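Welcome! Open your viewer, get your selection tool ready, and follow along one stop at a time.

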Amino acid sequence: MIYEYALTEDAGLIKETPLSSLSEYLDGRFCAADGPNRRRSNQLKVVCRQLHDETVGMELALNTLTFQGRTEQLGLDIFMHFVTHECSLTHKSRMRDVIIADSCEHATWETTMHQLRNISSAAFKTQFYALSMTRIKIHLVSFSSLASSFQWIFLGSAIQYAIGGTIPVTWVGSTSDLKSWVNRGLYDFLQGSLTLPLNVHIYPAPLNDTEYRTLRAALLERGKPVDPWVQQFRSWCEHGF
């Protein structure tokens, strides 16, 4: 109980760069995610050999782990480096909740397509299946209040169909055109499907009330049904595509 209390962070842990032999004290390591002043996770393990042996890796099980991409690298790449080069099989089995996200510098549709192509690749799916007991949430940063309502409606609906085979009830366009674009255009680009393990879910970037109002105004400007689509956007943000 004492170790759990000492190693649990309210806001979880965050990792913003891969770990390398050139990494400094905080670079590439998990840090407490609450506030701008980062501090390294599990400082108990550097106190003495006994505490190291008794607590090493416990923080992975006790906290949500966020892989946060920055300008240089996407969160998916940081995650992949961690599970393939930095983390032992024992420690991977400890992981319970993972969030993969990116900063606003990556808020382009080219980035989203790159993310989807990575997610659909055999290399990533192998890692996702190996982490079958880990809940993995992947946020597509370009689905934000900066995106147009058309992008939210069309690409959001396309991704929902690509992942689950369903189309939002709010969709009023040609379902055959949407399905054709997914089956011929999106899958050709991804070189595979977006069928994912049950532990992996894809979400838009988290939105606050101000950002929902921005999207509402954009829907009004385009003459789209506002309340049904805002409700759909909220559903994607809360439950995934």
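Before the first stop, one cut-off will help: a residue is called buried when its relative accessible area is under 20%, exposed when it is over 50%, and partly exposed in between. Keep in mind, too, that what you are looking at is a predicted model.

**Stop 1: Lys15 and Glu86**

Select Glu86 to begin. Its relative accessibility is 23%, so Glu86 counts as partly exposed. Now add Lys15 to the selection; Lys15 is buried, at a relative accessible area of 1%. Side chains of opposite charge can pair when their charged atoms come close. Here, the side chains of Lys15 and Glu86 form a salt bridge, with 2.8 Å from N to O. Which parts does this pair tie together? Lys15 is in strand S1 (residues 13–15) and Glu86 is in helix H4 (residues 75–86), so the link joins parts that are 71 residues apart in sequence.

How many salt bridges does a search of the whole structure find? The search finds 4, and we will visit two others next.

**Stop 2: Asp97 and Arg135**

Select Asp97 and Arg135, whose side chains meet in a salt bridge at 2.7 Å, N to O. Asp97 belongs to strand S4 (residues 97–102) and Arg135 to strand S5 (residues 135–140), so this pair ties together parts 38 residues apart in sequence. Is Asp97 buried or partly exposed? With 24% relative accessibility, Asp97 counts as partly exposed.

**Stop 3: the strands S3, S4 and S5**

Stay with S4 and show S5 beside it: the two run parallel and are joined by 4 bridges. To see a partnership between them, select Ile100, whose bridge partner in S5 is Ile138. Next, show strand S3 (residues 64–69), which runs parallel to S4 and is joined to it by 6 bridges. Pick Gln68 and look for its bridge partner in S4, Ala101.

**Stop 4: Arg216 and Asp227**

Move on to Arg216 and Asp227, which form a salt bridge with their closest N and O atoms 2.8 Å apart. Arg216 sits in helix H10 (residues 209–222) and Asp227 in helix H11 (residues 226–239), so the pair ties together parts 11 residues apart in sequence. Arg216 counts as partly exposed, at 32% relative accessibility.

**Stop 5: Leu7**

Finally, select Leu7 in helix H1 (residues 2–7). Leu7 counts as buried, with 4% relative accessibility. Add Gly57 and draw a distance between the two C-alpha atoms: they are separated by 10.0 Å, although Leu7 and Gly57 are 50 residues apart along the chain.

Conventions:
Residues are numbered from 1 along each chain as its sequence is written. This is a predicted model: local features need pLDDT of at least 70, side-chain atom pairs count only at pLDDT 80 or more; totals for chains, interfaces and linings use all residues. Side-chain values use heavy atoms; hydrogens and water are left out. Buried means under 20% relative accessible area, exposed over 50%, partly exposed in between (1.4 Å probe, protein chains only). Two strands pair if DSSP finds at least two bridges between them.
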